[in-house]
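I opened the coordinates next to the sequence and worked through a list of things to look up. The entries below are in the order in which I made them.

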Amino acid sequence: MSDSIQFEGTTDVLQLSPDGYGRLARYITGELGIKMPDSKMNMIQSRLVRRVRELGLSSVEHYGQYLFAPGNNEEREHFINAVTTNKTDFFREPEHFQYLTDIALPSLVGAAKYDSSFIRVWSAACSSGEEPYTLAMVLSEFTRKQRQSGFAILATDVSTKVLQMAQNGVYAEDQIAPVPLAMRSKYLLQNHSRSERLIRIAPELRQRVSFHHLNFMAPNYQIKDRFDIIFLRNVLIYFDKDVQEAVVNKVCHYLSPGGYLFVSHSESLSGLKVPVKSVRPLSIASRCQITNSPWQGSDFERAGLWSRRKEQKIEGGH
Ligand SMILES: C[S@@+](CC[C@H](N)C(=O)[O-])C[C@H]1O[C@@H](n2cnc3c(N)ncnc32)[C@H](O)[C@@H]1O
């Protein structure tokens, strides 16, 4: 007897045939650049089960056929949302934010061209928003202390599901553990529900971040600006070397001369022909437009009451 999940009246719902998997894998690589070895088959199967149930289909194999049926283009968005890996955190790889405050931002505002001192940042592959909101907190602290005029953050991702979450800016209370206490009381609001403790990013921070859909594989990114700082973290790992090189080159097109590109500690630019040089293991200098966003407005405001968090000092806390 099979030990995989069965739907009533059906056979093995989780099982994809090699051909069925091959077709989905080729679509993912062609559409997103993500490499899809055979070892990812179980992961893809299990990620599709929920969607298969929602659609009332009999198996993951049938889902593959449904996805590519003529006229089913809309399903491709659901598929991309299901197969992308969106793991992220506030203050992930905290050394990057320290480097930003101690070295990158002071060097940028010290440069002659920064007389106007407006700082532009791009969080490329922003997932559910923790990264751009961390950047917004750090930039907010920096610009306030340095009496700089301000900053704006563009945050993009290919998954519409995480973009919607990011746009809402609402997180479970345990997700904010990495946020330093002093910043929590300034930049986070809490709800008044006893059953579900949620926090929300304060409006003055949210208004600094604009969320847009962007696929790195798109021929034209339609971005008008150049950025002083670009975070391109924990996404290159999903690409093979050629795709990494092509994506970094395209992204660097939007990096101002003297600006900084951050990739993850687990990613490397060495061996890639890219117009940036490593100034540390993590940041770089180089050279480098924004369409109207579909990510405007959210009805979350109506959903609950929000107030400033009052943090208590906890032993060993930030
Ligand atoms: C692991 S998350 C990284 C989030 C954040 N940058 C961080 O470091 O915590 C990777 C993100 O890359 C996005 N992604 C994957 N392929 C992409 C593509 N071709 N274009 C744009 N975003 C992509 C995924 O949707 C996902 O949200």
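**Entry 1: β7 and its neighbours**

I started with the pairing of β7 and strand β8 (residues 255–262), which is parallel and runs over 4 bridges. For a register mark I took F227, whose bridge partner in β8 is L255. I then followed the chain from β7 to β8: the path goes through helix α10 (residues 241–252), and this β-α-β crossover is right-handed. I note here that the model is predicted.

Next I looked at the pairing of β7 with strand β1 (residues 118–124). These two strands also run parallel, and 3 bridges join them. The register mark in this case is S123, which has F231 of β7 as its bridge partner.

How many residues of strand β7 (residues 227–231) are buried? I found 5 of 5, so I put the strand down as mostly covered.

**Entry 2: the whole sheet**

I wrote out the strand order as β6-β2-β1-β7-β8, an open sheet of 5 strands with parallel pairing. Which strands are at the edges? They are β6 and β8, each of which pairs on one side only. I noted an average twist of 20 degrees from one strand to the next.

At the β6 end I checked the pairing with β2. I counted 5 bridges between β2 and β6, and the two run parallel. I153 has V209 in β6 as its bridge partner.

**Entry 3: helix α7**

I went on to helix α7, residues 160–168, and listed its buried residues: V162, L163, A166 and Q167. Why do these four lie on the same side of α7? They do so because the arc they cover around the axis is only 140 degrees. The spacing fits the general rule: an α-helix has 3.6 residues a turn, so residues three or four places apart point the same way.

I then asked what the buried residues of α7 pack against. I found two strands, β2 (150–157) and β6 (209–213). After α7 comes G169, and I recorded a positive phi for this glycine, near 65 degrees.

**Entry 4: α2 against α3**

I looked up the packing of helix α2 (residues 41–55) on helix α3 (residues 60–67). The axes are 9 Å apart and the angle is about 75 degrees. An angle from 65 to 115 degrees counts as roughly perpendicular, so I entered α2 as roughly perpendicular to α3. On the α2 side, the contact is made by Q45, L48, V49, R51, V52 and L55. On the α3 side, V60, Y63 and Y66 make the contact.

**Entry 5: positive phi outside glycine**

I keep a separate list for these, since most residues other than glycine have a negative phi.

E93 is on the list, with a positive phi of about 55 degrees. I placed E93 in the loop between α4 (75–83) and α5 (94–110). I put E93 down as partly exposed because 19 other C-beta atoms lie within 10 Å.

S127 is also on the list, at about 50 degrees. The loop that holds S127 is the one between β1 and α6 (130–145). Is S127 buried or exposed? I counted 25 other C-beta atoms within 10 Å, so S127 is buried; the cut-off for that is 20 or more.

**Entry 6: around α9**

I checked two residues here. E204 is in helix α9, and Q207 is in the loop between α9 (203–206) and β6.

For E204 I counted 11 other C-beta atoms within 10 Å, so E204 is exposed. Q207 is exposed too, with a count of 11 other C-beta atoms within 10 Å. The cut-off for exposed is 12 or fewer.

I also took C-alpha separations for both. E204 and S140 are 64 residues apart along the chain, with 9.7 Å between their C-alpha atoms. For Q207 and A136, 71 residues apart along the chain, the C-alpha separation is 9.8 Å.

**Entry 7: totals**

I closed with the overall numbers. The protein has 10 helices and 11 strands. Of its 318 residues, 37% are buried.

How values were computed
Residues are numbered from 1 along each chain as its sequence is written. This is a predicted model: local features need pLDDT of at least 70, side-chain atom pairs count only at pLDDT 80 or more; totals for chains, interfaces and linings use all residues. The arc is that of the directions from the helix axis to the C-beta atoms. Two residues are in contact if their C-beta atoms, placed from the backbone, lie within 7 Å. Two strands pair if DSSP finds at least two bridges between them. A crossover is right-handed if, with the strands pointing away from the viewer, the path from the first strand over the helix to the second runs clockwise. Axes are lines fitted to C-alpha atoms, for helices over the stretch in contact, and angles run from 0 to 180 degrees between N-to-C directions. Angles under 35 degrees count as roughly parallel, over 145 as roughly antiparallel, 65 to 115 as roughly perpendicular and the rest as oblique.
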